[in-house]
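Here is a friendly walk through two bound ligands and the protein around them. Have a look at the structure first, then follow the questions below.

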Amino acid sequence: MHANWKTWAHVTKLDPDKHLPQEAVEEIVTSGTDALMLSGTLNVTRENLHELLELVSAYGLPLVVEPASPDCAIFDGAVDHLFVPSVMNTNDVRWIVGKHYAWLRHASSIDWEMVVPEAYIVLNPNSAVGRVTGADCTLSGEDVAAFVEVADRYFRFPIVYIEYSGTYGDPGIVQAASEAVENATLYYGGGIRSAEQAAEMGRIADTIVVGNAVYEEGIDVLRATVRAVQ
Ligand SMILES: CC(C)=CCC/C(C)=C/CC/C(C)=C/CC/C(C)=C/COP(=O)(O)OP(=O)(O)O
Ligand SMILES: O=P(O)(O)OC[C@@H](O)CO
Ligand SMILES: [Mg+2]
């Protein structure tokens, strides 16, 4: 059920902590992007998540909630999938299984059909996600390839996510991840602000994610990143 997320080439990540006028939402949902992911590391609450969900849910585009904490793991009406991260390259167990334990320890009911686990490899130490999770971002291509194998071959995560949130990544590192991945869908996100960057990472990863550019560059840039991968 609902497995067509595997075919997405372009995902737009919207941050519940940031403001979007309704006109902007209409431009985003008609940009050609394959799905919207509602996510952020800092200042995401059930309240601002529900507000954003309400703003985007009328357009028929697939909606993913990607919670950074158990209180944001919601399965409400319009949500199609819950993509739940675990960070591979941290020594802080909270971000690998700890939050997950706390979530399931207190959850009332989980719709497991909607849950898709994601193995994050976080590579920008200055991003909120890098700082919060204490990820070791000094990895070589060989290191990243080994983490990809741990995630894909050993743990069998359906998604491996190379995360450079806020900065454009090293294509060589993403290439190393792509060569190591066998079954998982490979996501790339971070700093995509042009068609050229979208095309470059889109050639290597299965799915690219565009986040900040939506707020900082505007709709023409988003459209150009979509065209570059479709
Ligand atoms: C168990 C549950 C339900 C939740 C825990 C999930 C975990 C382990 C989260 C760890 C952090 C993480 C990988 C969050 C995913 C979302 C993400 C990377 C958002 C982008 O964050 P930034 O862009 O750095 O942050 P801001 O946009 O808030 O500045
Ligand atoms: O906001 P940007 O830098 O586009 O990154 C996208 C996404 O990977 C963040 O989780
Ligand atoms: Mg962000």
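Q: How many residues surround ligand 1?
A: Keep in mind that this is a predicted model. A residue counts as part of the surroundings if one of its heavy atoms lies within 4 Å of the ligand. The closest are S39, T41, L42, V129 and S165. The full number of residues surrounding ligand 1 is 22.

Q: Which residue offers a backbone N or O atom 3.0 Å from an oxygen atom of ligand 1?
A: Two side chains can be set aside here. T41 has a side-chain N or O atom 2.7 Å from an oxygen atom of ligand 1, and S165 also uses an N or O atom of its side chain, at 2.7 Å from a ligand 1 oxygen. The backbone atom at 3.0 Å belongs to V129.

Q: How much of ligand 1 does the protein bury?
A: The polar contacts of ligand 1 include the one from the side chain of T41, at 2.7 Å. Taken alone, ligand 1 exposes 740 Å². Of that area, the protein buries 93%.

Q: Which element gives the largest share of the shell around ligand 1?
A: Ligand 1 sits in the largest pocket. Two or more shell residues come from each of β4 (81-87), α3 (98-106) and α4 (128-133). The largest share is 3 residues, and the element that supplies it is α4.

Q: How many residues of the shell around ligand 1 are charged?
A: The shell divides into three classes, with 10 residues nonpolar and 8 polar. The remaining class, charged, holds 4.

Q: Which residue has a backbone N or O atom 2.9 Å from an oxygen atom of ligand 2?
A: Let's turn to the other ligand. A polar backbone atom of G191 is 2.8 Å from an oxygen atom of ligand 2, and N212 places a backbone N or O atom at 2.8 Å from a ligand 2 oxygen. The distance of 2.9 Å belongs to the backbone of G211.

Q: What area does ligand 2 expose when taken alone?
A: Backbone contacts to ligand 2 include the one from N212, at 2.8 Å. The protein buries 93% of the area that ligand 2 exposes when taken alone. That area is 300 Å².

Q: Which strands each supply at least two residues of the shell around ligand 2?
A: The space taken by ligand 2 is the largest pocket. Residues around ligand 2 include Y161, E163, V209 and V210. The strands that each supply at least two shell residues are β6 (159-163) and β8 (207-210).

Q: How many residues of the shell around ligand 2 are polar?
A: Among the residues around ligand 2 are G189, G190 and G191, and glycine is counted as polar. The shell also holds 3 nonpolar and 2 charged residues. Its polar residues number 7.

Definitions and conventions: Residues are numbered from 1 along each chain as its sequence is written. Chains are lettered from A and ligands numbered from 1 in the order in which they are written. This is a predicted model: local features need pLDDT of at least 70, side-chain atom pairs count only at pLDDT 80 or more; totals for chains, interfaces and linings use all residues. Side-chain values use heavy atoms; hydrogens and water are left out. A polar contact is a pair of N or O atoms within 3.5 Å; within protein, one must be able to donate a hydrogen and the other to accept it, and residues adjacent in sequence count only if both atoms are side-chain atoms. Accessible areas come from the Shrake-Rupley method with a 1.4 Å probe; for residues, only the protein chains shown count as cover. On a 1 Å grid over the protein atoms alone, a cavity is a set of points where a 1.4 Å probe fits but cannot get out, and a pocket is an open set with protein on both sides within 12 Å along at least five of seven lines; lining residues have an atom within 4 Å of a point. A molecule sits in a cavity or pocket if more than half of its atoms lie within 2 Å of its grid points. Helices (H or I, at least four residues) and strands (E, at least two) are DSSP runs, numbered from the N terminus.
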